[in-house]
Amino acid sequence: MSDTRSGFVTFVGRPNVGKSTLTNALVGEKVAITSDKPQTTRRAIRGIVNRPGGQLVVVDTPGIHRPRTLLGQRLNDLVEQVLGDVDVIAFCVPATEKVGPGDRRIADSLSGYPRAKKVALVTKTDAASREQITERLIEVDALREDWAAVIPLSAVTRDQLDVLSDELLSLMPEGPALYPDDVVTDESLEDRIAEIIREAALDGVRDELPHSIAVTIEDVAPREGTDLTDVFANIVVERDSQKAIIIGHKGSRLAGVGARARKGIEPLVGSRVYLSLHVRVAKEWQRDPKQLGRLGF
């Protein structure tokens, strides 16, 4: 009988509790974009963690929130769908903030997924005092009676990440690996490039803009006779005023977005990159079912 285990885990919690950072730290390379803006993750990204005892497939979901737009509703539906399918749900609370009503609501909602085992994680311990961590562990422990484990950790310093991986694997069903061991994500190259561009575009923008940004990829192709890869992409926003913000004075902001994105794309495609970015306006796309479909939601 094989003693390897494999299965699916997802991290849930309020937006911005460090779920994507934790996913990237476990996988060991960047598969989910991170930003200090909440609601950065928009699709269920799978990151794959290979351990001597088996394989963990991490499904990174959007943060659970009260939706204000059709996009928000579709993101919540996606979370619901993922939670119904995984083996373990890991609920995250940052060590630096007291447990609040939003955390309680999410912890309570986990009862709706009886199939999954539940684990509680106190994240961002590198930024908290020992007292804060202890206080948080006590608060979190009290939220449910069925936690299989409660683990404090830091994705930034990698403190306790091995403990987390081992604990998660022990809760998985027995069985062979689900993906080849050289694969870190099942996201397509285009999707990963689009996310890197979106992350670069989110950097430093004002609060109302992040949700309005989407990225579509027109083409990714090696340029003949050179070591260059051409990437043609569109940054889609909802209003002309937002287009002006993204482009910046005489194109300065867009140039910065391009430079940041290129740094992330080049290691991914394994060559130098020529990146052509166009900013397009799709009026109120977050509320329009046709446009959402076109943009991949």
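**Helix 6 and its packing partner**

Student: How many residues has helix 6, and how far does helix 6 reach from its first C-alpha to its last?

Tutor: This is a predicted model: local features need pLDDT of at least 70, side-chain atom pairs count only at pLDDT 80 or more, and totals for chains, interfaces and linings use all residues. Residues are numbered from 1 along each chain as its sequence is written, and side-chain values use heavy atoms, leaving out hydrogens and water. Helices are DSSP runs of H or I, at least four residues, numbered from the N terminus. Helix 6 covers residues 189-202, so 1.5 Å times one less than its number of residues gives its expected span, 20 Å; it has 14 residues and reaches 20 Å.

Student: Why is helix 6 largely enclosed by the rest of the structure?

Tutor: Count its buried residues (under 20% relative accessible area, 1.4 Å probe, protein chains only). Among them are Arg-192, Ile-193 and Leu-202. Helix 6 is largely enclosed because the buried residues number 11 of the 14.

Student: At what angle do helix 6 and helix 8 pack, and how far apart are their axes?

Tutor: Two packed helices are described by the angle between their axes and the distance between the axes. Axes are lines fitted to C-alpha atoms over the stretch in contact, and angles run from 0 to 180 degrees between N-to-C directions. For helix 6 and helix 8 (residues 252-269), the angle is about 145 degrees and the axes are 8 Å apart.

Student: Which residues of helix 8 does helix 6 meet?

Tutor: Contact means heavy atoms within 4.5 Å. On the helix 6 side are Leu-189, Arg-192, Ile-193, Ile-196, Ile-197, Ala-200 and Ala-201. In helix 8 they meet Arg-253, Val-257, Arg-260, Ala-261, Gly-264, Ile-265, Leu-268 and Val-269.

Student: Which residue with a positive phi follows helix 6?

Tutor: Look just past the helix. The phi there is near 80 degrees. The residue is Gly-204.

Key:
Helices (H or I, at least four residues) and strands (E, at least two) are DSSP runs, numbered from the N terminus. Buried means under 20% relative accessible area, exposed over 50%, partly exposed in between (1.4 Å probe, protein chains only).
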